[in-house]
Amino acid sequence: MLKPGTARRVFTAAVVAGALLFALGAGSALAADQIVATDDVFDAPSYAMDQGERPTLLNNGVNSHNVTARTKGPDGRELFSSPTINGGTTTVDGTQYLTTGTYSFWCSIHPLSMQATLNVSGAGSPVARPDIDVAGKGGKLKKVAKKGKVTVTVSAATASAGVKLVAKLGKATLGRTAVFDLAAGQSRKVTIRLSKSGKAKLAKKKKASIKVTGSVRFGAPDTVKLSLK
Ligand SMILES: [Cu+2]
């Protein structure tokens with residue numbers, strides 16, 4: 001038999017515990033676990049984060065360490081990675097786009113002894129992955145070869161940093177742009193200047209199909225074909 005008042009106390013305790021759990025679950029203030037490296041191990045077999053977060057890497061060792069995902073992202077490079085540091089802290093980049101799941105990583109310098117997993121919880125929401133679109137029209141081959149310029153329009157559906165364009169004729173690179181950033185919803189006309197050898201290659205043709213590929217870190221590349229006559 002419960003003493004009078006016990007049931008109420010149990011009920012009150014359950015309500016308080018429930019409210020506390022709710023507050024913890026709803027709170028986005030819980031930061032991602034810090035990944036700590038010493039020579040030459042990570043301090044835990046797994047680390048936790050919510051969606052949209054970027055953990056930090058602390059290097060307490062003397063040797064250089066990094067965090068490098070073991071799988072590739074849509075850009076063909078590491079799904080997430082940190083710079084290599086020989087002390088202090090740095091931020092892991094690319095994890096902000098991850099959805100709930102378990103992702104393995106290692107230190108690329110010590111891949112045998114430094115392996116761990118990153119567990120992304122169901123809380124939070126991921127940042128929209130960079131998403132670009134490259135569009136353009138063909139034109140007069142003679143004009144393009146003479147002016148040595150190809151112009152395309154690059155649009156970003158989401159914030160896309162570190163965009164660059166390469167124009168190719170078959171396997172030969174005709175020209176490339178410097179890296180530029182686009183905000184979400186931004187569209188920009190970009191001119192690719194062709195190299196001297198690129199211009200010469202093009203001038204020899206009667207017609208040509210130029211491929212312009214836009215690439216962006218952490219996002220999928222996009223290609224447009226321009227037919228020149
Ligand atoms: Cu290392």
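**Exercise 1.** Which strand gives the most to the lining of the largest pocket, and with how many residues?

*Solution.* The model is predicted; local features need pLDDT of at least 70, side-chain atom pairs count only at pLDDT 80 or more, and totals for chains, interfaces and linings use all residues. Residues are numbered from 1 along each chain as its sequence is written, and side-chain values use heavy atoms, without hydrogens and water.

Start with the term. On a 1 Å grid over the protein atoms alone, a pocket is an open set of points where a 1.4 Å probe fits, with protein on both sides within 12 Å along at least five of seven lines; lining residues have an atom within 4 Å of a point.

Next, the lining. It has 17 residues, and Lys 137, Gly 138, Val 144, Val 150 and Thr 151 lie nearest the pocket's centre. Helix 2 (141-147), strand 10 (149-156) and strand 16 (222-228) each give two or more. Helices (H or I, at least four residues) and strands (E, at least two) are DSSP runs, numbered from the N terminus.

Result: strand 10 gives the most, with 5 residues.

**Exercise 2.** Find the donors of the copper ion and describe their arrangement.

*Solution.* Donors here are N, O and S atoms within 2.8 Å of the metal. They are His 65 (ND1), Cys 107 (SG), His 110 (ND1) and Met 114 (SD), at 2.0 to 2.8 Å.

Now the angles. They run from 83 to 136°, so the arrangement is irregular. Tetrahedral would need all angles between 85 and 135 degrees; square planar would need opposite donors over 155 degrees apart and all others between 65 and 115.

**Exercise 3.** Are His 65 and Met 114 buried or exposed?

*Solution.* Buried means under 20% relative accessible area, exposed over 50% (1.4 Å probe, protein chains only). Both His 65 and Met 114 are buried.

Terms used:
Donors are N, O and S atoms within 2.8 Å of the metal (3.2 Å for Na, K and Ca); water is not among the atoms, so sites may look incomplete. Four donors count as tetrahedral if all angles lie between 85 and 135 degrees; four count as square planar and six as octahedral if opposite donors are over 155 degrees apart and all others between 65 and 115; anything else is irregular.
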